[in-house]
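Please open the model in the viewer and set the display to cartoon. The tour below proceeds by selections, with a short account of what each one shows.

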Amino acid sequence: MKKLLNLFDFRQKVDYKIEIMSGLTVALALIPESVAFSLIAGLSPLTGLYASFVMALVTSIFGGRPGMISGATGAIAVVLVTLSMDYGVEYIFAAVILAGIIQALAGLLKLGKLMRLVPHPVIFGFVNGLAIIIFMSQLDQFKDASGAWLTGSNLFIILGLVVLTMLIIWLLPKLTRAVPASLVAILVVFGIVYFGDISTNTVGDLASIGGGFPPFHIPQVPFTFETLLIILPYSAIIAGVGLIESLLTLNIVDEITQTRGNGNREAIAQGSANILSGFFSGMGGCAMLGQSLINISNGARARLSGIIAAVALLAFIMFGASIIEQLPMAALTGLMIMVAIGTFEWASLKTLKRMPKSDILVMVLVTLVTVILHNLALAVLVGVIIAALVFAWDNAIRIRARKSIDKDGVKHYEIYGPLFFGSTTVFSDKFDVINDPDEVVIDFKESRVVDMSAIEALNKITERYQKNGKVIHLKHLSPDSRRLLKNAEEIIEVNIIEDPNYKVVSD
């Protein structure tokens with residue numbers, strides 16, 4: 001029993017009041033976004049609500065980060081639009097199930113550690129871009145049905161309610177943290193609108209959220225290889241987008257809470273949640289940075305808040321739809337604007353003058369791709385690739401050679417810096433084959449042969465010396481490097497005691 005409690009982190013200290021109240025707040029914040037993302041994907045509102053219930057419940061219990069919230073997200077909705085239009089909702093359920101299987105396999109194969117390859121400027125860009133998206137998505141509440149900006153009393157009413165919500169969320173924590181400020185703000189604005197009989201948009205104006213328990217449903221698609229070919233590309237993208245967004249959210253919450261989550265466990269939980277979501281009429285999803293930050297800022301740190309959010313969301317769907325549909329959108333808009341303000345990494349602006357230009361470029365580019373394309377996975381991928389290329393360039397130009405001739409007339413080249421595909425040209429230019437003495441030593445004690453391009457560069461330089469009738473010795477190479485050299489036995493002199501041990505990556 002103790003092992004089971006430890007496995008699910010149920011033995012951690014829990015502030016039940018904070019967890020329950022924060023869970024209720026998150027449940028309210030999940031409703032409009034779940035409905036909106038469903039409509040983006042061309043699906044029924046209940047499809048998004050069911051997905052948020054299943055995702056939040058499963059990941060809260062089994063996930064690798066207590067306090068993090070998952071649900072139906074815009075990133076997944078955007079991927080599903082084309083599949084929904086071309087093949088219908090049944091194929092979406094099948095694609096979500098397959099995406100879940102891919103995610104679970106990624107977790108089992110411990111691929112979560114690949115998030116270590118995401119540099120900090122990429123995370124800054126991702127967070128800032130997401131904050132801008134959250135803010136911009138709230139601007140629709142200031143427009144009428146035709147898309148024109150509100151004017152007159154309608155504008156002043158919603159603007160006043162939004163500002164009031166934001167002020168409560170900002171000021172209340174300075175007075176007391178006994179209750180979540182966001183929940184108080186929603187209730188106060190709801191009371192003003194309800195008892196003041198103020199006419200403004202409500203959750204019910206988006207769509208009805210009433211329904212029953214998510215029905216178990218096996219996707220009605222042909223179980224053929226052709227179906228697999230149709231859904232596989234979508235499933236792969238959903239899995240990739242979901243994992244990237246979830247693991248980045250996990251890292252951000254880790255930084256805020258000064259604790260460490262488990263990326264591989266989160267991947268398995270996300271995959272399991274998507275599998276169940278597909279079988280229970282949901283559109284699938286991933287971690288939600290906005291809702292997770294609402295939860296964390298309320299003081300929630302345990303799994304209970306996410307469980308409460310999921311159960312409360314289901315209760316709203318089944319029993320409380322008529323009440324929840326009367327919640328003013330202005331209150332939820334104010335809440336999400338505050339989330340956007342809190343999400344944006346303002347510190348990144350202060351450090352612009354101190355950051356390398358390459359890091360600034362990566363951060364800005366990731367932000368722009370996120371905002372313009374709304375494709376978080378692509379934004380992160382672009383950022384990682386550019387950061388990797390910058391790193392490769394920086395290391396390519398840093399390789400150097402210290403040259404000296406000993407008392408016996410032997411010339412020594414002491415190599416500093418990694419030898420890899422990017423630095424082979426600079427490396428080759430270091431040698432004066434024609435004018436060098438008859439015996440040359442190249443020492444790699446302070447260097448490392450990284451890949452096959454480096455091995456090929458070594459083969460070429462040894463061939464050049466041999467063609468000129470000169471003897472060359474390569475010192476301090478790993479056994480792996482020596483095995484890949486064509487003339488290893490003839491040209492290598494190695495100090496066995498100091499012999500390095502590393503592998504050469506095949507490229």
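How many bridges join β3 to strand β4, and in which direction do the two strands run? Select residues 411–419, which form β4, together with β3: 6 bridges join the pair, and the strands run antiparallel. The model on display is a predicted one.

**The sheet**

To locate one of these pairings, select R400 and look across to β4, where its bridge partner is Y416. Then widen the selection to the whole sheet, an open arrangement of 4 strands in the order β3-β4-β5-β6 with mixed pairing. At its edges lie β3, residues 400–405, and β6, residues 471–475, each of which pairs on one side only. Between neighbouring strands of this sheet the turn averages 20 degrees, direction ignored.

Next, add residues 452–467, which make up helix α20. This helix lies across β4, β5 (439–449) and β6, and it runs at about 175 degrees to β5.

**A pair of helices**

Now select residues 120–138, helix α6, and residues 357–373, helix α17. Their axes come within 7 Å and cross at roughly 30 degrees. Because angles under 35 degrees count as roughly parallel, α6 is roughly parallel to α17. The crossing of α6 past α17 is right-handed.

Show side chains to inspect the contact. On the α6 side, the residues include P121, F124, F126, L130, I133 and M136. On the α17 side, D359, V362, M363, V366, T367, T370 and V371 meet them. By class, the residues of the contact of α6 with α17 divide into 12 nonpolar, 5 polar and 1 charged.

**Two loop residues with positive phi**

Select Q258, in the loop between α10 (225–257) and α11 (263–279). Its phi is near 55 degrees, a positive value in a residue other than glycine. Is Q258 buried or exposed? Its relative accessibility is 68%, so Q258 counts as exposed, the cut-off for that class being over 50%.

Finally, move to S281, in the loop between α11 and β2 (286–287). Phi of S281 is near 60 degrees, which is likewise a positive value in a residue other than glycine. Switching on a surface display is useful here: S281 has a relative accessible area of 11% and is therefore buried, as that class covers values under 20%.

Technical notes. Residues are numbered from 1 along each chain as its sequence is written. This is a predicted model: local features need pLDDT of at least 70, side-chain atom pairs count only at pLDDT 80 or more; totals for chains, interfaces and linings use all residues. Side-chain values use heavy atoms; hydrogens and water are left out. Axes are lines fitted to C-alpha atoms, for helices over the stretch in contact, and angles run from 0 to 180 degrees between N-to-C directions. Angles under 35 degrees count as roughly parallel, over 145 as roughly antiparallel, 65 to 115 as roughly perpendicular and the rest as oblique. A crossing is left-handed if the near helix is turned anticlockwise from the far one by less than a right angle, and right-handed if clockwise. Contact means heavy atoms within 4.5 Å. Ala, Val, Leu, Ile, Met, Phe, Trp, Tyr, Cys and Pro count as nonpolar, Asp, Glu, Lys and Arg as charged, and the others, Gly among them, as polar. Two strands pair if DSSP finds at least two bridges between them. Buried means under 20% relative accessible area, exposed over 50%, partly exposed in between (1.4 Å probe, protein chains only).
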